[in-house]
Amino acid sequence: MKTFQGKTAVITGAASGFGLETSRLAAQAGMSIVMADVQQEPLNKAAAEIEALGAKVLPFRLDVSKAEQVEAMGRATVERFGVPHFVFNNAGISSGGLIWEHTLKDWEWIVGVNLMGVAHGIRVFTPMMLDAAKKDPGYEGHITNTASMAGMVNMPNMGSYNVTKNAVVAMSETLFQDLALVTDQVHCSVLCPFFVPTGIVHSERLRPAEMMEALPKIVWHLDDPVADPALVPLYFVAKKAAEHVTVVLSGEGADEFFGGYTIYREPLSLAAVNKLPDPVQRGLRKVASVIPEGVKGKSFLERGTTPLEQRYYGNARMFTEAEKRRLLRRYDEQVRYTDVTAPVYAEAAAAGLDPVTTMQYVDLYTWLRGDILVKADRMSMAHSLELRVPFLDREVFEVAATVPVDLKLPPRSTDTKYAMRQALRDVVPPAIVNRKKLGFPTPTRVWLRGEMYDWAHDILDRSGAGGLLDLDYARGLLEEHKRGDADQSRKVWTVLVFCIWHAIFIERSLDPGVSRNDSALLTKPVVGSVVA
């Protein structure tokens with residue numbers, strides 16, 4: 001290809017590595033871009049970055065191993081931009097180990113993505129590019145497939161990866177020759193990089209099968225039904241870290257101490273409404289009550305006219321009271337979330353804390369203590385890994401307590417943890433200091449509509465927790481989520497974790513695959529200090 005301005009690129013694996021960098025180059029060259037990746041959240045972030053460069057972008061979530069999904073991407077590409085000019089079959093994963101130790105699941109996974117993903121891309125896009133070339137003598141097309149130096153030189157402990165990348169090289173060379181027989185307008189090349197830190201070595205995080213298999217073990221190690229999906233990636237990160245070290249440092253507490261959550265900006269954005277006289281606020285609250293759900297402004301008015309202690313209760317509350325009435329067999333309206341938060345709010349008021357600091361204070365005594373530290377401690381101990389939390393040092397807390405709100409969350413800015421970032425500006429690289437907050441997002445929202453749907457349905461069908469939960473209602477939430485009527489993933493996940501916990505510890509009908517004699521919980525003390 002000689003010109004790129006006004007043309008279209010299709011790029012798989014576009015949320016990171018070569019795919020993201022190629023998207024940047026395509027945007028700078030004036031191309032429209034179809035960005036495809038299996039991870040929805042990173043894809044959204046990458047697409048936003050490329051759109052900010054001025055490019056027209058179609059983000060498309062897909063698993064390249066699924067023929068029907070690649071076909072759907074082909075149709076969406078033509079509908080939005082027309083026949084593409086550049087196709088980059090780039091998505092890939094890695095797997096290591098002795099070749100005879102690769103399981104059938106390992107082979108199916110890596111062949112599906114690395115080999116069949118390229119084959120599907122060739123099968124879907126090559127015919128339409130050739131057809132475009134026949135109709136337009138000026139059409140230029142190019143297909144690039146990502147292989148690897150492992151497709152040229154076979155290294156030990158990379159058996160299945162070597163096989164797929166050798167196959168991609170052979171497929172690309174064949175495509176090059178086949179195209180030469182029928183056209184001089186569409187060409188092919190193969191990319192064979194050596195080791196580059198693109199994130200491919202961490203691709204095991206993408207496998208829903210691992211998530212389903214590991215969850216009973218994770219719940220067993222927890223002892224309690226903590227329903228935070230971030231437990232799963234944290235479990236695997238701890239497992240990987242334990243292969244190399246025995247002690248790690250973690251950042252728990254930094255967000256709560258220094259203002260790292262964007263929700264802490266809410267009092268600043270609602271200040272204008274909060275300052276209105278009570279009668280005016282009551283009137284606005286009535287207006288909000290008649291605005292249909294989903295209409296812009298409804299949530300703003302509801303939150304702005306609701307006292308902080310009634311609207312903010314941390315991240316742990318999944319269900320409304322009306323939903324709990326339907327879900328819980330023994331719902332008690334006298335038991336409210338305010339039973340937990342009211343004493344904390346009272347202490348904050350007695351101390352004269354401002355609204356932002358009050359939210360931090362609530363999180364210190366609820367979210368940090370009941371979720372963040374629990375999952376960090378239990379998931380690290382599951383792999384005999386000692387996790388230390390330096391931000392929870394008492395002296396760090398004493399410093400954090402003196403930081404004013406405008407240095408945590410500067411006005412007219414989207415920055416968080418501003419004072420801490422400035423303090424570390426000469427200590428850590430700019431890419432880290434300036435990076436937006438990254439949590440441990442998991443694609444449960446997507447997987448519960450696809451790969452994990454049958455698994456989730458089976459858990460609900462087999463659960464013996466029907467005396468405590470209305471499982472028909474839970475199945476209804478799962479069906480709503482699958483149809484796309486609403487995002488019920490967090491609610492469904494909460495019920496699933498409880499059902500698994502109930503099966504392990506109450507019914508004793510589920511073997512988690514780990515015994516207490518194997519657990520580091522018996523031999524290790526709890527690591528980390530908590531501010532009193």
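A salt bridge is counted here when a side-chain nitrogen of Lys or Arg comes within 4 Å of a carboxyl oxygen of Asp or Glu. The side chains of Glu 266 and Arg 311 satisfy this rule, with N and O 2.9 Å apart. Because Glu 266 belongs to helix α9 (residues 266-269) and Arg 311 to helix α13 (residues 308-311), the pair ties together parts that are 45 residues apart in sequence. Glu 266 and Arg 311 are both buried. The model described in this passage is a predicted one, and the following paragraphs take up its other salt bridges, its helix α4, its nonpolar residues and some notable loop positions.

In general, side chains of opposite charge can pair when their charged atoms come close. By the rule given above, the model holds 23 salt bridges. Among them is the pair of Glu 71 and Arg 123, whose closest N and O atoms are 3.1 Å apart. This pair links distant parts of the chain, with Glu 71 in helix α3 (residues 67-80) and Arg 123 in helix α4, 52 residues apart. Glu 71 is partly exposed, since its relative accessibility is 28%, and Arg 123 is also partly exposed, at 40%.

Helix α4 takes part in another such contact through Lys 105, which forms a salt bridge with Glu 213 at a closest N to O distance of 3.4 Å. Lys 105 sits in helix α4 and Glu 213 in helix α6, so this pair joins parts that are 108 residues apart in sequence. With 37% relative accessibility, Lys 105 counts as partly exposed; Glu 213 is likewise partly exposed, with a relative accessible area of 47%. Elsewhere, Glu 21, Arg 24 and Glu 49 are linked in a network of salt bridges.

The geometry of α4 itself is worth a look. The helix has 32 residues and spans 45 Å from its first C-alpha to its last, close to the 46 Å expected at 1.5 Å a residue. Even so, α4 contains a kink of about 40 degrees, centred on Met 116. Ahead of this helix, the loop between β4 (86-89) and α4 (104-135) holds Trp 100. Is Trp 100 buried or exposed? Its relative accessibility is 67%, and because the cut-off for an exposed residue is over 50%, Trp 100 counts as exposed. Together with Leu 98, Ile 99 and Val 163, Trp 100 forms a nonpolar patch on the surface, and the four residues have about 410 Å² of accessible area together.

Turning from the surface to the interior, the largest nonpolar core has 44 residues. Those with the most contacts inside it are Ile 218, Met 452, Trp 455, Leu 460, Trp 493, Val 495 and Leu 496. At least two residues of this core come from each of α6 (208-222), α7 (231-242), α22 (444-447), α23 (453-462), α24 (471-483) and α25 (489-507). Which helix gives the most to this core? That helix is α25, with 10 residues.

The loop between α6 and α7 offers two positions of interest. One of them is Asp 223, which has a positive phi of about 75 degrees although it is not a glycine. For context, most residues other than glycine have a negative phi. Asp 223 is partly exposed, its relative accessible area being 27%. Val 226 lies in this loop as well, but it is buried, with a relative accessible area of 12%. The C-alpha atoms of Val 226 and Ser 16 are separated by 31 Å, and the two residues are 210 residues apart along the chain.

A positive phi is also found at Lys 417, where the angle is about 50 degrees although the residue is not a glycine. Lys 417 lies in the loop between α19 (405-408) and α20 (418-423). This lysine is buried, since its relative accessible area is 13%. Further along, Phe 440 occupies the loop between α21 (430-433) and α22, where it is partly exposed at 39% relative accessibility. Phe 440 and Ser 94 are 346 residues apart along the chain, and their C-alpha atoms are separated by 21 Å.

Conventions:
Residues are numbered from 1 along each chain as its sequence is written. This is a predicted model: local features need pLDDT of at least 70, side-chain atom pairs count only at pLDDT 80 or more; totals for chains, interfaces and linings use all residues. Side-chain values use heavy atoms; hydrogens and water are left out. Patches are made of residues with over 30% relative accessible area and no salt bridge: like charges are joined within 9 Å, nonpolar side chains (Val, Leu, Ile, Met, Phe, Trp, Tyr) within 5 Å. Accessible areas come from the Shrake-Rupley method with a 1.4 Å probe; for residues, only the protein chains shown count as cover. Helices (H or I, at least four residues) and strands (E, at least two) are DSSP runs, numbered from the N terminus. Buried means under 20% relative accessible area, exposed over 50%, partly exposed in between (1.4 Å probe, protein chains only). The expected span of a helix is 1.5 Å times one less than its number of residues. The bend at a residue is the angle between axes fitted to the seven residues ending there and the seven starting there. A nonpolar core is a set of buried Ala, Val, Leu, Ile, Met, Phe, Trp, Tyr and Cys residues joined through side-chain atoms within 4.5 Å.
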